[in-house]
Amino acid sequence: MSGFFHAILSIIVAVFIHGGVSGVVDVAPQEAVDDFMAGLTSGDKQAMEQYMDNEYVNFLVNTEGDEKVLARMNDALFENLEYTINDTAEKGNVAVVEVELKTNDFSDVMKKYDKDSYEFVMDHLYDDKVTDKKKLNAECLNIYVEEIEKDAGKDASIEKEIYIPMVGDGYGGWKILLDDKLMKSFLGELAMPE
C-alpha cells in the first residue's frame, strides 16, 4: 500500500471516530518543536501530557508545593532560554530538527542544594520545620528554587546545538522522542532532587 493510501485511510478512520468532519492539518516538525517549547516553558500540563513518562517533564508538571514557589522555579528555569531552529530533515514518518540552544548553566544547583538543605536541617534539628515532613518538603523545595534563581540571574552560559528526533504521531503531527539527556539540555544540565 502506498503512503498516499495510508494517509487517505487515516483521514477516513479519523472522520468515523470523531463522528463528523474535521480538518486534518499536517504539522511541520519545526512547528511541533515550537509547540513543545511553548508548553514546556509555560508549564502547560495539557501540552506536556504525552511526555509524562519522562522524569523531568513529570517533575516539572507534577511537583507538589506552594504554587508561588513552583511558579518561581518555572520562571527561573526558562528566564534566559533561547532557541533557534537551524535545520530540519524529514523522511516518511521520522524527522530530526537541529536546534541552537542557549540557556543558563544549572549543573551546580544540586551540589549547592545538598549543602544548603543539610545546613538548614542542622540549624533546625529540633524545630517542627524539620520534624513535620510537609514543612520540611516545602522548605527543601524553596531552597532548591532559590539555587535555581541564583544561577538564572547570571548570563546564559550554555550554548550548543542539539538534535531533536521525532516520529509521526499518526494524526498528521509529530511526537518528540524525549529522553533525559535531551531534557537536561533544555534545563541547563539541571539535576532533580530525590
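Lys115 and Glu119 sit four residues apart in helix H6, so about one helical turn separates them. That pair is a handy way into this predicted model, whose chain has nine helices and four strands. Going along the sequence, the pattern reads α-α-α-α-α-β-β-α-α-α-β-β-α. Of the chain's 194 residues, 35% count as buried.

**Salt bridges inside helices**

- Opposite charges on side chains can pair up when the charged atoms come close.
- Lys115 and Glu119 do this, with their side chains meeting in a salt bridge at 3.0 Å, N to O.
- Glu119 has 36% relative accessibility, so Glu119 counts as partly exposed.
- An α-helix has 3.6 residues a turn, so residues three or four places apart point the same way.
- Helix H8 has a pair of this kind too: Glu147 and Lys150 are three residues apart there, about one turn of the helix.
- The closest N and O atoms of the Glu147 and Lys150 salt bridge are 3.3 Å apart.
- Is Glu147 buried or exposed? At just 2% relative accessibility, Glu147 counts as buried.

**A salt bridge between distant parts, and a network**

- Lys160 and Glu189 also form a salt bridge, and here the closest N and O atoms are 3.1 Å apart.
- This pair ties together distant parts of the chain, 29 residues apart: Lys160 belongs to strand S3 (residues 158-168), while Glu189 is in the segment after helix H9 (180-186).
- Lys160 is partly exposed, with a relative accessible area of 29%.
- Glu189 is partly exposed as well, at 27% relative accessibility.
- Elsewhere, Lys112, Asp151 and Lys154 are joined into one network by salt bridges that share partners.
- How many salt bridges are there in the count? The count comes to six.

**Helix H2, side by side**

- Helix H2 covers residues 29-42, which makes 14 residues.
- At 1.5 Å a residue, H2 should span 20 Å, and its end C-alpha atoms are indeed 20 Å apart, so the two values agree.
- Which residues of H2 are buried? They are Pro29, Ala32, Val33, Phe36, Met37, Gly39 and Leu40.
- If you look down the axis of H2, its buried residues fall within an arc of 165 degrees, so they line one face of the helix.
- Asp35 and Ser42 are exposed on the other side of H2.
- Right after H2 comes Gly43, which has a positive phi, near 70 degrees.

**The second largest pocket**

- To find out where empty space is left, you can roll a probe the size of a water molecule over the atoms.
- The second largest pocket has a volume of about 450 Å³.
- Its lining is made of 17 residues, and those nearest the pocket's centre are Phe59, Thr63, Asn137, Pro193 and Glu194.
- Helix H4 (55-62), helix H6 (109-123) and helix H8 (133-152) are the elements that give two or more residues to this lining.
- Which element gives the largest share of the lining? H8 does, with six residues.
- By type, the lining of the second largest pocket splits into nine nonpolar, three polar and five charged residues.

Conventions:
Residues are numbered from 1 along each chain as its sequence is written. This is a predicted model: local features need pLDDT of at least 70, side-chain atom pairs count only at pLDDT 80 or more; totals for chains, interfaces and linings use all residues. Side-chain values use heavy atoms; hydrogens and water are left out. On a 1 Å grid over the protein atoms alone, a cavity is a set of points where a 1.4 Å probe fits but cannot get out, and a pocket is an open set with protein on both sides within 12 Å along at least five of seven lines; lining residues have an atom within 4 Å of a point. Grid points are joined across faces, edges and corners, and a volume is the space filled by probe spheres set on the points. Ala, Val, Leu, Ile, Met, Phe, Trp, Tyr, Cys and Pro count as nonpolar, Asp, Glu, Lys and Arg as charged, and the others, Gly among them, as polar. The expected span of a helix is 1.5 Å times one less than its number of residues. Buried means under 20% relative accessible area, exposed over 50%, partly exposed in between (1.4 Å probe, protein chains only). The arc is that of the directions from the helix axis to the C-beta atoms. A salt bridge is a side-chain nitrogen of Lys or Arg within 4 Å of a carboxyl oxygen of Asp or Glu.
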